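These exercises go through one structure step by step. Try each task before reading its solution.

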Amino acid sequence: MTDRAETVKALPVEQQDWDEAAPRPEALVESLRSFGYSPETALADLLDNSISAKAVNVDLFFVWDGPDSHVAVVDDGNGMTAEILVEAMRPGCMSPLEARKATDLGRFGLGLKTASFSQARELTVLTRSKGDPDVQIRRWNLDLVAGTGQWRLLKTSSSQAERYRERILASGGTAVVWTKCDRLLGDVEKDPEKANDRFLLVAAQVQAHLGMTFHRFLVGRGARKISVNGNAVKPWDPVLQHPATQALGAGDRIPFMGSVITARPYVLPHRSKLSEEQQKLGAGIRGWTAHQGFYVYRNNRLVVAGDWLGAAGAKDEHTKLARIVVDFDASLDLAWQIDVKKSTARPPGVVMDDLRRLATRTRRSAEEVYRYRGNIVPGLAKGTDRPLIVAWEEFKARSGDVRLRLNRKHPLIEDALSGPASQKRAVERVLKFVEETIPTSLIGIRLAEALDTQSTPYETRPDELVKLLHYALEMMTTAGMARDKAIDELVLLEPFSNFPAITESLRDGAT
Ligand SMILES: Nc1ncnc2c1ncn2[C@@H]1O[C@H](COP(=O)(O)OP(=O)(O)OP(=O)(O)O)[C@@H](O)[C@H]1O
Ligand SMILES: [Mg+2]
């Protein structure tokens, strides 16, 4: 006797009298469409399946053909036998409680269906497993399910899906094809041009999203190749590879339920240390401020791309350089409350204190880097490979305090100190006076009040900047320096280093 039959037999007598009230397909179909996927998260869910099936190459196709447009995900993974395919097409084919292989990115037995139906009314899967001479095909058409009130899984292909048959026959693997893409396309009949634009935009967004979500699978040994309409998906690592990216220690290892959660905090470089291109790269898909916080990876696949997870305050501009990489394996799915879309995770209560402590420390360091103006070790001047000459230097006093000092080697200060001895003493007196009386706490308060509106020195006084620039140029040329050489030096000096274009324009006398 089967387990199930035994269960039925063992039911108490009050559970023996019943009506069958199975969900009505036509109603359930609409609910299955409403898990809240975006096209990006839906396709990432299909990619999970391809990667779990050991695919090395996964090619996505967005093929525009008005209302007959389709999206296909074609992989060269293990494929499925006819029997497994029918099971795979069943909504809820596997219980989330069932044990899985460590490398399996699935959990609920739903993703293929819920992700596809969120965007399309028709889903065709063509597949061939190694050793199977034939391509196996099954298709869901939601109009048919709703119309017949029956879960009729068709054995025929859609004409769009047919295009991939040869490829699957030749190399094995699986093609998942979406047609009747009502949600993804919007109203094609009403405004085909708009629908076409949207379709192309979605393709570009999907490409970026996959590069972020699967970046660890796209590099190193055994790297997979993913493409969207023939364009290679490029990995995007939230921990920007840059000499000035700081790892704050080795990170935390938090043992939990027989497994380990790791958390590694990073502070990304101040923008003055980044080229324009690096600045853009670090901004990611959603921009610097949105991309701060925890990056949660489940089995190396990114689930959360920058969120404080309730372990710290809001996403502030001044903490935007903080990124903390958190890793756990799928054995902790339940504890992390992983959702079907694999796009949210909630930290288990018992690790919250650890995460809070890490978040506070990382945010504090990030804030220091963000606010930083003068440097203990100055970086390079913008657009050059030479050190910046700062106006203010930071140094560690004997007491251990970090103090600020006006840079006596800055040519403008050198100039003021180059007069007769009595003038030199007077200038030195004023410099010390300024250094000693900087109202640091007042500045702190004002900064905290107006974090978003902090400006670069002289940004709001371009006329003063230009006056100072002319003065400095004249000072240098009077001292015998050639004009071009003097301009080369000026771009290294604060505050001119913040305005390289204005400084450079001195060359042709435009400023
Ligand atoms: N591209 C593919 N190659 C091989 N097998 C696949 C592929 N896509 C799906 N499958 C099979 O279909 C099953 C169902 O996939 P589905 O995405 O619906 O659920 P899941 O991956 O098991 O769990 P989850 O709901 O968490 O995604 C998978 O477990 C796998 O056996
Ligand atoms: Mg899946």
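**Exercise 1: Alanine 175 and the cores**

Task: Find which residues alanine 175 touches, leaving out residues up to four places away in sequence.

Solution. Alanine 175 touches Ala72, Val74, Leu126, Ala161, Tyr164 and Ile168; two residues are in contact if their C-beta atoms, placed from the backbone, lie within 7 Å. This is a predicted model, in which local features need pLDDT of at least 70 and side-chain atom pairs count only at pLDDT 80 or more, while totals for chains, interfaces and linings use all residues. Residues are numbered from 1 along each chain as its sequence is written, and chains are lettered from A and ligands numbered from 1 in the order in which they are written.

Next, place alanine 175 in its core. The largest nonpolar core has 55 residues, and Leu43 and Ala175 touch the most other members. Helix 3 gives the most to this core, six residues. A nonpolar core is a set of buried Ala, Val, Leu, Ile, Met, Phe, Trp, Tyr and Cys residues joined through C-beta atoms within 7 Å. Buried means that 20 or more other C-beta atoms lie within 10 Å of the residue's own, exposed means 12 or fewer, and partly exposed is in between, with C-beta atoms placed from the backbone. Helices (H or I, at least four residues) and strands (E, at least two) are DSSP runs, numbered from the N terminus.

A second, separate core has 34 residues, among them Tyr266, Phe294, Tyr295 and Ala359. In soluble globular proteins, nonpolar side chains tend to be buried together.

**Exercise 2: The seven-strand sheet**

Task: In what order do the seven strands of the open sheet lie?

Solution. The order is 4-3-5-2-1-6-7, with mixed pairing; two strands pair if DSSP finds at least two bridges between them. Strand 4 (136-141) and strand 7 (231-232) are the edges, each pairing on one side only.

Now take the pairs one by one.

- Strand 3 (residues 122-128) and strand 5 (residues 173-179) are antiparallel, with seven bridges; leucine 126 has alanine 175 of strand 5 as its bridge partner.
- Strand 1 (residues 57-63) and strand 2 (residues 70-75) are antiparallel, with six bridges, and phenylalanine 62 stands opposite valine 71.
- Strand 1 runs parallel to strand 6 (residues 225-228), joined by four bridges; leucine 60 is matched with valine 228.

Last, look at the turn. Six residues lie between strand 1 and strand 2 in their hairpin, where glycine 66 has a positive phi of about 55°.

**Exercise 3: Strand 11**

Task: Why is strand 11 largely enclosed by the rest of the structure?

Solution. Six of the six residues of strand 11 (residues 293-298) are buried, so the strand is largely enclosed. Its pairing with strand 13 (residues 322-328) is parallel and has six bridges, with aspartate 327 as the bridge partner of tyrosine 297. Strand 12 (residues 301-307) is antiparallel to strand 11, with five bridges; here phenylalanine 294 has aspartate 307 as its partner. Two residues separate the strands of this hairpin, and asparagine 299 takes a positive phi near 45°.

**Exercise 4: The shell around ligand 1**

Task: Which residues are closest to ligand 1?

Solution. The shell holds 23 residues, and the closest are Asn49, Ala53, Ala88, Gly106 and Gly111. A residue is near a molecule if its C-beta atom, placed from the backbone, lies within 6 Å of it. Helix 3 (39-52) and helix 5 (111-119) each give two or more residues; helix 3 gives the most, with four.

By type, the shell has nine nonpolar, nine polar and five charged residues. Here Ala, Val, Leu, Ile, Met, Phe, Trp, Tyr, Cys and Pro count as nonpolar, Asp, Glu, Lys and Arg as charged, and the others, Gly among them, as polar.

**Exercise 5: Two loop residues**

Task: Is lysine 54 buried, partly exposed or exposed?

Solution. Lysine 54 lies in the loop between helix 3 and strand 1. It has 14 C-beta neighbours inside 10 Å, so it counts as partly exposed. Its phi is near 65°, a positive value in a residue other than glycine.

Compare glutamine 337, in the loop between strand 13 and helix 12 (352-371). Glutamine 337 counts as exposed because it has 11 C-beta neighbours inside 10 Å.
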